[in-house]
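Q: I would like to learn how to read a structural model feature by feature, beginning with single residues and ending with the chain as a whole. Could you take me through one?

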Amino acid sequence: MSGSTSHYGTPFKACINEAVNLSRHLMDRLVHRVAGSMPDRDAMVFDQKVRKLHTESMQALQKHRLAICDAFPKTLLIEFSRAMSNDTHGSVQKFDALDLVDEDKVLEDVEIARARQASRAAVEPVIGELNALICSAMGLSSVQENHNPLRPEIYVKALHAVLSAMDVSFAVRSRWIQFFGEALGEELSKDYAALSKLLMAAGVSKVEFKVLRAPEAADVLAAKNKSVPPVAAGEHEYID
């Protein structure tokens, strides 16, 4: 494990290790799911150029399948470590290294943003429990989702890094990001559920969300009265 986890307890380290172990199978499921979705995708497309691109994307995916599945766990661990150390420089370098023209860069950023949104929506039913458990395992007193290194956007970063390393055209990679992004959340939910069970089996208890108390009416009135200077004797207070 990375040294960045050295100050965390055994359940947290075990959770990170298991997430990395599961990720190889996660990627394999994603590849299978993306390939299986192509007949339905082609049935909704009448543009022959798009169908040709779909075919090219699937042929390239089969060619690079093992390389993608093998690279994902190691890349994911790197992104976990960066998330724990708040190191974003590596991701920036990856984007710069793509050497894309402006239009392509914008299109790819849009697909990445869509992948984040789609995965976030799909894991919504299970991520709350994982956040409460992982934050507890990290020694936090309340749920702070941005401290969870297993949040879906970290998986999207790792996915993008792996796909970007493959020797394929921008058009193919863009399709991959779209297809994988649509499938990631539902498959990731299965891993999140398994990781929550692992933490609970290790005796980790959930922490609660920190609820900020709304100011009571009396507090608001007292604060307002303090801010209004008293009316001096002999003066009158006028109301417009």
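Q: In which helix is Ala121 found?

A: Before we start, please keep in mind that this is a predicted model. Ala121 is found in helix α4, which covers residues 102–137.

Q: Is Ala121 buried or exposed?

A: Burial is read from the relative accessible area, and a residue is called exposed when that value is over 50%. Ala121 has a relative accessible area of 55%, so Ala121 counts as exposed. In space, the C-alpha of Ala121 is 9.2 Å from that of Glu186, although 65 residues separate the two in sequence.

Q: How far apart are Leu22 and Asp191 in sequence and in space?

A: Here again one sets separation along the chain beside separation between C-alpha atoms. Leu22 and Asp191 are 169 residues apart in sequence, while their C-alpha atoms are 7.0 Å apart in space. Leu22 has its place in helix α1, and Asp191 is found in helix α6, which runs over residues 170–201.

Q: Which residues does Asp191 touch, and which are in contact with Leu22?

A: Such lists are most useful once sequence neighbours up to four places away have been set aside, as is done for both residues here. On that basis Asp191 touches Leu22, Leu26 and Arg29, and Leu22 is in contact with Asp191, Ala194 and Leu195.

Q: Why is Asp191 called buried?

A: The label applies to a relative accessible area under 20%. Asp191 is called buried because its relative accessible area is 5%.

Q: At what angle do α1 and α6 pack, and how far apart are their axes?

A: Two packed helices are described by the angle between their axes together with the distance between those axes. In this model helix α1, residues 10–43, packs with α6 at an angle of about 145°, and the two axes are 8 Å apart. The crossing of α1 and α6 is right-handed, and the residues of their contact divide into 20 nonpolar, 1 polar and 9 charged.

Q: In which helix does His64 lie, and is His64 buried or exposed?

A: His64 lies in helix α2, and with a relative accessible area of 12% His64 is buried. Apart from neighbours within four places in sequence, His64 is in contact with Met166, Asp167, Val168 and Trp176.

Q: Where is the place of Arg51, and what is its relative accessible area?

A: Arg51 also belongs to helix α2, which spans residues 48–85. Its relative accessible area is 30%, so Arg51 is described as partly exposed. Leaving out residues up to four places away in sequence, Arg51 touches Asp42, Ala43 and Val45. From Arg41, Arg51 is 10 residues away in sequence and 8.8 Å away in space, taken from C-alpha to C-alpha.

Q: How many disulfides does the structure hold?

A: A disulfide is a covalent bond between the sulfur atoms of two cysteines. The structure holds 0 disulfides. As for individual cysteines, Cys15 is buried, with a relative accessible area of 0%, and Cys135 likewise counts as buried at 0%.

Q: How many helices and strands does the protein chain have, and what pattern does it follow?

A: Having looked at single residues, one can step back to the chain. The protein chain has 7 helices and 0 strands, and its pattern, read along the sequence, is α-α-α-α-α-α-α.

Q: What share of the residues is buried, and what area does the protein chain expose?

A: Of the 240 residues in the protein chain, buried residues make up 40%. The chain exposes about 13700 Å², of which carbon and sulfur atoms supply 55%. Among contacts in the chain with a separation of 6 or more, 81% are between residues 24 or more positions apart.

Note on methods:
Residues are numbered from 1 along each chain as its sequence is written. This is a predicted model: local features need pLDDT of at least 70, side-chain atom pairs count only at pLDDT 80 or more; totals for chains, interfaces and linings use all residues. Side-chain values use heavy atoms; hydrogens and water are left out. Helices (H or I, at least four residues) and strands (E, at least two) are DSSP runs, numbered from the N terminus. Buried means under 20% relative accessible area, exposed over 50%, partly exposed in between (1.4 Å probe, protein chains only). Contact means heavy atoms within 4.5 Å. Accessible areas come from the Shrake-Rupley method with a 1.4 Å probe; for residues, only the protein chains shown count as cover. A disulfide is a pair of cysteine sulfur atoms within 2.5 Å. Axes are lines fitted to C-alpha atoms, for helices over the stretch in contact, and angles run from 0 to 180 degrees between N-to-C directions. A crossing is left-handed if the near helix is turned anticlockwise from the far one by less than a right angle, and right-handed if clockwise. Ala, Val, Leu, Ile, Met, Phe, Trp, Tyr, Cys and Pro count as nonpolar, Asp, Glu, Lys and Arg as charged, and the others, Gly among them, as polar.
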